[in-house]
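Here is a briefing on aromatic pairs, enclosed spaces and a few selected residues. Please keep the model open while you read.

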Protein chains: 2
Amino acid sequence: GAPGAPGFGGFPGQPQDPMMGYFSAVAGQDGQISADELQVCLTQANFSGAYKPFNLETCRLMISMLDRDGSHTMGFNEFKELWNVLYAWKQHFASIDRDQSGSVDPQEMQQAVSSMGYRLSPQAMNGMIKRYSTQGKISFDDYVACSVKLRTLTDLFRKRDQTQQGVATFSYDDFILCTMTT
Amino acid sequence: GAPGAPGFGGFPGQPQDPMMGYFSAVAGQDGQISADELQVCLTQANFSGAYKPFNLETCRLMISMLDRDGSHTMGFNEFKELWNVLYAWKQHFASIDRDQSGSVDPQEMQQAVSSMGYRLSPQAMNGMIKRYSTQGKISFDDYVACSVKLRTLTDLFRKRDQTQQGVATFSYDDFILCTMTT
């Protein structure tokens, strides 16, 4: 086929993905987005609201979530996937945050977590929500951090809960690997 | 005894703890320091170096570590304890950071973690260090976050490893409580 025809990805003349220019500017020379580059980019796009810096911890969690090659950075396809996921979460968050204040209260957060299908005791639920609260409210970045982490840890647990009885056994090294790298 | 004599804590005339005025100013009206107040205070004291904001995540971890009443805030005695611990960690960090750049490289971090007595597989060690690195280096706040979290998770694991064989069983709820609130 002629240059630019389908199937010749990367050939000159092919229409570029509209996100590519943006991705390249954020990623810089190495062509990969690290957690601190992602923080700059999400802060500039005002994902956190009120133009405050997007939480770096949340950026690390999101990169881990999509990190299939263990590089702790993000290529173009992972970046596009994250961007779409973030927009969906932002919409879900806005639907919980009825007064559009940019943060939700613990009761709204509890309903959101339950609606995602997680069954937790009041102790675990309250402990978790308190942990992600600032002045009694949960911001968008903390909502994302909490959701991503809960999903990742639940997946890791399920893989080890072979009889699906809600009980799993960990070696010390495996426990540290699961909990210190998520 | 006369006012101000030993044993009459809080009586007028008793010499005040020199840290008390500072604590009161940071804590504000509620007399308790929350994670965001601690962040402001540690940033102003330049614990992170180079006057960049001290990591909020690390502040939350440190409050959890000392949080005996589950309030997620810190009273005066806990604040003094934290202040002393932080100075000790800052000194340990400075001894690892031989070129005094304010951050350490993965190899130095690995030696520091091993010298604290933790035995981890190369996979867990490398995964953990990568997780706390920014541009291939570990800053003081991330060093503290990593150390506090590793200690807390190791303690939680040991309490469940009743035969001390390096293996522990968790229910799903307990696993989430341990990992989502540390």
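The notes below go topic by topic.

This is a predicted model. A search of the whole structure finds 34 aromatic pairs over all chains. By the cavity rule, two cavities of 30 Å³ or more are counted. The largest pocket has a volume of about 920 Å³.

**Aromatic pairs and cluster**

- A pair of aromatic rings is described by the distance of the centres and the angle of the planes.
- The ring centres of A:Phe170 and B:Phe170 are 5.7 Å apart, with the planes at 90°. Planes over 60 degrees apart count as edge-to-face, so this pair is edge-to-face.
- A:Phe170 lies in strand S3 (residues 167-171) of chain A, and B:Phe170 lies in strand S3 (residues 167-171) of chain B, so the pair joins two chains.
- A:Phe170 has 0% relative accessibility and counts as buried. B:Phe170 is also at 0% and counts as buried.
- Both residues belong to one aromatic cluster. Its other members are A:Phe157, A:Tyr172, A:Phe175, B:Phe157, B:Tyr172 and B:Phe175.

**Charges over rings**

- The charged end of B:Lys90 sits over the ring of B:Phe140, 4.5 Å from the ring centre.
- The charged end of B:Arg131 sits over the ring of B:Tyr132, 4.9 Å from the ring centre.

**Cavities**

- Rolling a probe the size of a water molecule over the atoms shows where empty space is left.
- The largest cavity has a volume of about 50 Å³. Its lining draws on both chains: A:Glu57 and A:Arg60 are part of it, and so are B:Asn55, B:Glu57, B:Thr58, B:Leu61, B:Arg131, B:Tyr132, B:Asp142, B:Ala145 and B:Lys149.
- Three elements give two or more residues to that lining: helix H3 (56-66) of chain A, and helix H3 (56-66) and helix H7 (140-160) of chain B.
- By class, the lining of the largest cavity has six charged, three nonpolar and two polar residues.
- The second largest cavity has a volume of about 40 Å³. Chain A residues in its lining are A:Glu57, A:Leu61, A:Arg131, A:Tyr132, A:Ala145, A:Lys149 and A:Thr182. B:Glu57 and B:Arg131 line it from chain B.
- H3 and helix H7 (140-160) of chain A each supply at least two residues of the second lining.
- By class, the lining of the second largest cavity has five charged, three nonpolar and one polar residues.

**Largest pocket**

- The largest pocket is lined by 35 residues. A:Gln39, B:Gln39, B:Phe54, B:Asn55 and B:Leu56 lie nearest its centre.
- H3 and H7 of chain A each supply at least two lining residues, as do helix H2 (35-44), H3, strand S2 (138-139) and H7 of chain B.
- The largest share, three residues, comes from H3(A).
- By class, the pocket lining has 15 polar, 12 charged and eight nonpolar residues.

**Packing of H6 in chain A**

- Helix H6 (residues 122-131) of chain A has these buried residues: A:Ala124, A:Met125, A:Gly127, A:Met128, A:Ile129 and A:Arg131.
- Within chain A, the buried residues of H6(A) pack against helix H5 (106-115), strand S2 (138-139) and H7. In chain B, they pack against H3 and helix H8 (172-180).

**Selected residues**

- A:Thr179 is in helix H8 (residues 172-180) of chain A. Its relative accessible area is 2%, and under 20% means buried. Leaving out residues up to four places away in sequence, A:Thr179 touches B:Lys149, B:Leu153, B:Phe175 and B:Thr179.
- B:Lys130 is found in helix H6 (residues 122-131) of chain B. B:Lys130 is partly exposed, at 42% relative accessible area. Not counting residues up to four places away in sequence, B:Lys130 touches A:Gly70, A:Ser71 and A:His72.
- B:Lys130 and B:Pro106 are 24 residues apart in sequence, and their C-alpha atoms are 7.7 Å apart in space.
- A:Tyr143 lies in helix H7 of chain A. A:Tyr143 is buried, with a relative accessible area of 1%. Beyond residues up to four places away in sequence, A:Tyr143 touches A:Trp89, A:His92, A:Phe93, A:Ile96, A:Met109, A:Met116 and A:Ile138.
- A:Tyr143 and A:Lys80 are 63 residues apart along the chain, with 20 Å between their C-alpha atoms.

Terms used:
Residues are numbered from 1 along each chain as its sequence is written. Chains are lettered from A and ligands numbered from 1 in the order in which they are written. This is a predicted model: local features need pLDDT of at least 70, side-chain atom pairs count only at pLDDT 80 or more; totals for chains, interfaces and linings use all residues. Side-chain values use heavy atoms; hydrogens and water are left out. Rings of Phe, Tyr and Trp (its six-membered ring) pair if their centres lie within 6.5 Å; planes under 30 degrees apart count as stacked, over 60 as edge-to-face and the rest as tilted. Helices (H or I, at least four residues) and strands (E, at least two) are DSSP runs, numbered from the N terminus. Buried means under 20% relative accessible area, exposed over 50%, partly exposed in between (1.4 Å probe, protein chains only). A charge sits over a ring if NZ of Lys or CZ of Arg is within 6 Å of the ring centre and within 35 degrees of the ring normal. On a 1 Å grid over the protein atoms alone, a cavity is a set of points where a 1.4 Å probe fits but cannot get out, and a pocket is an open set with protein on both sides within 12 Å along at least five of seven lines; lining residues have an atom within 4 Å of a point. Grid points are joined across faces, edges and corners, and a volume is the space filled by probe spheres set on the points. Ala, Val, Leu, Ile, Met, Phe, Trp, Tyr, Cys and Pro count as nonpolar, Asp, Glu, Lys and Arg as charged, and the others, Gly among them, as polar. Contact means heavy atoms within 4.5 Å.
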